[in-house]
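Subject: Structure for you, plus notes

Hi,

Here is the structure I promised to pass on. My notes on the strands and helices come right below it.

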Amino acid sequence: MVNPSNRVKSIELSQIRKMFEVTNENAINLGIGEPDFDVPENVKIAIKQAVDDGETHYTSNKGDIELREAIVDKFDKDNNIKTVADNVIVTAGASEALYACAQALFDKGDNVLIPNPGFLSYVACVNLSEANPIEVPAKMENGFKLKVEDVQNLIDNNTKALILNSPSNPTGAVMDKEDIKGIADLATDHDFMIISDEIYEKIIYDKKHYSPAEYSDNVITINGFSKTYAMTGLRIAYMAGNEAITEELLKIHQYCIACASSISQKAAYAALTGPQNAVNDMVNEFARRRNLIVSSLNDMGYECTDCDGAFYAFPKVERPQEFVQKAAEAGVISVPGSAFGSLGEEHVRMSYANSYENIEKAMDILRDLEY
């Protein structure tokens, strides 16, 4: 039997997906990070029209020009980022974009700063590139936000990149403008790249999103349609950087998937250029659920921050592994915080991408939980 590569041996399958796979049909799933909403109606129409029109062939490697131009307009309007269509690559989800960044940028021995706690794919992608993941503490006392000084303290001669994620998975933290700008200034001064994962950009409550690419050229911005438009299964996202790095990213993208799905690109164009009322309605409902789950957890004695964005609560829980097991047995699925780094070990991640009624039921179950 042929042994797998050491690169693959260094990573494990996602604990989130493991929890998703073992969920029994009667359990309330607060484990998976997927909006429980349908795609907007204009997106459905665009998908059907694309099939009828025979839009089922290869596109440009970088993606349809009309979609990339719409993304350029979106960057200008929403993020004050000035770019051009040639510097945008449409990808098969933000996961592909993240993987392409790691493969295009990192060499063995490079140091890559990642948030702790942070999305588990960051460590895996860094390890698969044979670089060194260096964890930057996102402390609970700071609302799980990365701070300029915590990043600055870890920069050395081997620092190649920093991965940012705001709003954050798993904590729901939204970084402040001064920290985004300060970290962007560090990237310019110390000549490292920021990979800014902004997939939850539009799912934000009572805060404002800031993109580091507004303040530095040393940034690759990743965004997409899975969370904002509930288009997870369509696997469509994008990344943008300066001209030199885009050509290197294209090499990985080209030999990995050639191009993103043509049908999904038509859907993405419709989502980006069509009415946004479905997004606003979804975010308003997420805010209502956020208020329910955060207040309920705090009332139960599980300390929980405000969760200013995304759709995750990250309460502090005694004996979290036991909690997750007992909760699952009682009918509520969650994810142990240890999946997201050492600073998540005393926490549990709960997604409120489930109905308000189901969250109410889940909270009732947890109130009676004995463990």
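First, a term for what follows: two strands pair if DSSP finds at least two bridges between them. Helices (H or I, at least four residues) and strands (E, at least two) are DSSP runs, numbered from the N terminus. Keep in mind that this is a predicted model, where local features need pLDDT of at least 70, side-chain atom pairs count only at pLDDT 80 or more, and totals for chains, interfaces and linings use all residues. Residues are numbered from 1 along each chain as its sequence is written, and side-chain values use heavy atoms, with hydrogens and water left out.

**Around β12**

Strand β11 (residues 335-336) pairs with β12 in the antiparallel sense over two bridges, and there Pro336 has Val348 of β12 as its bridge partner. Strand β9 (residues 312-313) is also antiparallel to β12, again with two bridges; Tyr312 sits opposite Ser351. Both faces of β12 (residues 348-351) are covered: Val348 and Met350 are buried on one side, Arg349 and Ser351 on the other (buried means under 20% relative accessible area with a 1.4 Å probe, protein chains only).

**The seven-stranded sheet**

This one is an open sheet with mixed pairing, in the order β2-β8-β7-β6-β5-β3-β4. β2 (88-91) and β4 (132-137) are the edges with a single partner strand each, so one side of each has no neighbour in the sheet. On average, neighbouring strands are turned by 20 degrees against each other, direction ignored. Inside the sheet, β5 (residues 159-165) and β6 (residues 193-197) pair in the parallel sense over five bridges, with Ala161 matched to Met193 of β6.

Two helices go with these strands. Helix α5 (residues 93-105) packs on the sheet and touches β2, β5, β6, β7 and β8, its direction making about 160 degrees with that of β7. Helix α6 (residues 120-128) lies across β3, β4, β5 and β6, at about 165 degrees to β3. Angles run from 0 to 180 degrees between N-to-C directions, and axes are lines fitted to C-alpha atoms, for helices over the stretch in contact.

**α11 against α13**

The axes of α11 (residues 277-299) and α13 (residues 356-367) come within 10 Å and cross at roughly 5 degrees. The two helices are therefore roughly parallel (angles under 35 degrees count as such). Among the residues making the contact (heavy atoms within 4.5 Å) are Arg288 and Leu292 of α11 and Ile359 and Met363 of α13.

Cheers

Methods:
Angles under 35 degrees count as roughly parallel, over 145 as roughly antiparallel, 65 to 115 as roughly perpendicular and the rest as oblique. Buried means under 20% relative accessible area, exposed over 50%, partly exposed in between (1.4 Å probe, protein chains only).
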